[in-house]
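These are my notebook entries on a single protein chain. I set down what I looked up, entry by entry.

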Amino acid sequence: MKKSSASQDTLDAEVESFFDSAPPLRDSADVNRKLKEFIEQNVFRQENGRSGRIVCVTAGGTTVPLEQRCVRYIDNCSSGNRGATSAEYFLRAGYVVIYLHRRGACQPYCRALPDDPLFECFEVTDQANIQVRGLHSEAVKRAISEHNSAIANGRLLKLPFTTIYEYLQILQMIATSMSHLGPHAVFYLAAAVSDFYVPWESMVEHKIQSASGPLDMRLVEVPKMLSVLRKRWSPMAFIISFKLETDSNILLEKAEVAREKYEMHVVVANELSTYKDEVVVVTSSEKIRVCRDKTEDASDIENPLIKLLVEKHSAYIGNSSA
């Protein structure tokens, strides 16, 4: 299913209008510098027999501000756990990871830490000493070791966002920075991205006053950036998107439509009630059900999922160089 030239031109105009009207990214120079240094450092890296494979993993939900000096906003519900866990398995598979995440969302390796509030992780042993408790398990030690190793070796770069504006501006910067990697670049788009937003120029500057009565606000559809990412920003990259539904009867149909519409290489279809236990990997030729090993308490569905996606990516690289 190919877009006509006219519809592509319309989309390009919508995308240009979105970025032109968006508030400038405050730390764009710093983000650009970090990206440039990270990619240059890793472009020729060999890990697990794989050369120069860089994956951008997105995680968490974007917000839609309702005021320029934002007090209220519309949020997308996502803990970021899928992205954080997947980043760990990509690192173990020999990839280097750019982790584009919502501020406050789950971080790679942090799920091994206790859920207790910070102060409850410490205890006073005497007047001069404080020790950490509950952090002595082998799983925690391994997680801390793997995290510190990934950071120290320059294999994990974390970039935060909050708003839909920040997310899409940084995603564009990442994609254009990775475009020269060709098929060795991967996008694993697990973030929950807002479908609608309030255009910045039509947004009130100060806090909306409740005394004004019922709120009447027009939301505009966010331009379909998946298509632009695929065709403009990083056209040779291997792109994996997600489709989440609450109705299992329409899930695979919607995933297939999304794959064709945006020309994704893979769409991971997951139902809200079972997303931690099973997903379906949808490609142009097959639909593969991936399930968590329920015989193991600590098993993650992301383990077999990333293994399968690595195989698909390897095949894509092979076909691209044939």
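Which residues form a nonpolar patch on the surface? I worked from a predicted model, and in it I found the patch to consist of Ile 74, Phe 196 and Leu 219. Together these residues have about 250 Å² of accessible area. I then looked up Leu 219 by itself. It is found in the loop between β11 (196-197) and β12 (220-221). Leu 219 is partly exposed, with a relative accessible area of 36%; because patch members need over 30%, Leu 219 passes that cut-off.

**Entry: the nonpolar cores**

I turned next to the interior. The largest nonpolar core has 56 residues. I noted the members that touch the most others: Leu 100, Leu 159, Leu 168, Leu 171, Ile 174, Met 178 and Phe 187. Helix α5 (residues 164-178) supplies the largest share of this core, namely ten residues. I followed up Ile 174 and listed its contacts, leaving out residues up to four places away in sequence. Ile 174 touches Leu 35, Cys 56, Ile 98, Leu 100, Leu 159 and Phe 187. Another core, of 33 residues, lies apart from the largest one. I recorded Ala 84, Tyr 89, Tyr 188 and Ile 306 among the residues of this other core.

**Entry: salt bridges**

How many salt bridges does the structure hold? I recorded 23. Side chains of opposite charge can pair when their charged atoms come close. I examined three of the pairs individually.

The pair I took up to begin with was Asp 12 and Arg 232, whose closest N and O atoms are 2.6 Å apart. This salt bridge links distant parts of the chain, since 220 residues separate the partners. Asp 12 belongs to helix α1 (residues 5-21), and Arg 232 belongs to helix α6 (residues 225-233). Both partners proved to be partly exposed: I noted a relative accessible area of 22% for Asp 12 and of 44% for Arg 232.

I then took up Glu 67 and Arg 72, which form a salt bridge with the closest N and O atoms 3.3 Å apart. Is Glu 67 buried or exposed? I found Glu 67 to be buried, because its relative accessibility is 0%. Its partner Arg 72 is partly exposed, at 31%.

The remaining pair was Arg 92 and Glu 88, whose side chains meet at 4.0 Å, N to O. Both residues lie in helix α3 (residues 81-92), four residues apart, about one turn of the helix. I noted that Arg 92 is partly exposed, with a relative accessible area of 39%, whereas Glu 88 is buried, with 3%. Salt bridges that share partners join Glu 88 and Arg 92 with Arg 111, Glu 146 and Asp 300 into one network.

**Entry: Asn 270**

I looked up Asn 270, which lies in strand β14 (residues 266-271). Asn 270 counts as buried because its relative accessible area is 6%. What does the side chain of Asn 270 reach at 2.8 Å? I found the backbone oxygen of Lys 243 at that distance. Not counting residues up to four places away in sequence, Asn 270 touches Arg 82, Phe 242, Lys 243, Leu 244, Glu 245, Leu 251, Tyr 275, Glu 278 and Val 279.

**Entry: Lys 312**

I placed Lys 312 in helix α8 (residues 302-321). Which residues are in contact with Lys 312, leaving aside its neighbours within four places in sequence? I listed Phe 238, Glu 286 and Ile 288. With Glu 286 there is a polar contact between the two side chains, at 2.3 Å. I also noted the separation from Val 266: the C-alpha atoms of Lys 312 and Val 266 are 8.8 Å apart, and the two residues are 46 residues apart along the chain.

**Entry: positive phi**

Most residues other than glycine have a negative phi. I therefore looked for positive values and noted two residues, Tyr 109 and Glu 263, in light of that general tendency. Phi of Tyr 109 is near 75 degrees. Tyr 109 sits in the loop between β6 (96-102) and β7 (122-124), and I found it buried, with a relative accessible area of 6%. Phi of Glu 263 is near 55 degrees. I located Glu 263 in the loop between α7 (248-262) and β14.

Methods
Residues numbered from 1 in each chain as written. Predicted model: local features only at pLDDT ≥ 70, side-chain atom pairs only at ≥ 80, totals over all residues. Heavy atoms only, no water. Patch = residues over 30% accessible without salt bridge, like charges linked within 9 Å, V, L, I, M, F, W, Y side chains within 5 Å. Areas by Shrake-Rupley, 256 points an atom, 1.4 Å probe, with all protein chains shown as cover. Helix = DSSP H or I, 4+ residues; strand = E, 2+ residues; numbered from the N terminus. Buried < 20%, exposed > 50% of the residue type's maximum accessible area, 1.4 Å probe, protein only. Contact = heavy atoms within 4.5 Å. Polar contact = N/O pair within 3.5 Å; in protein donor to acceptor, adjacent residues only side chain to side chain. Core = buried A, V, L, I, M, F, W, Y, C linked by side-chain atoms within 4.5 Å.
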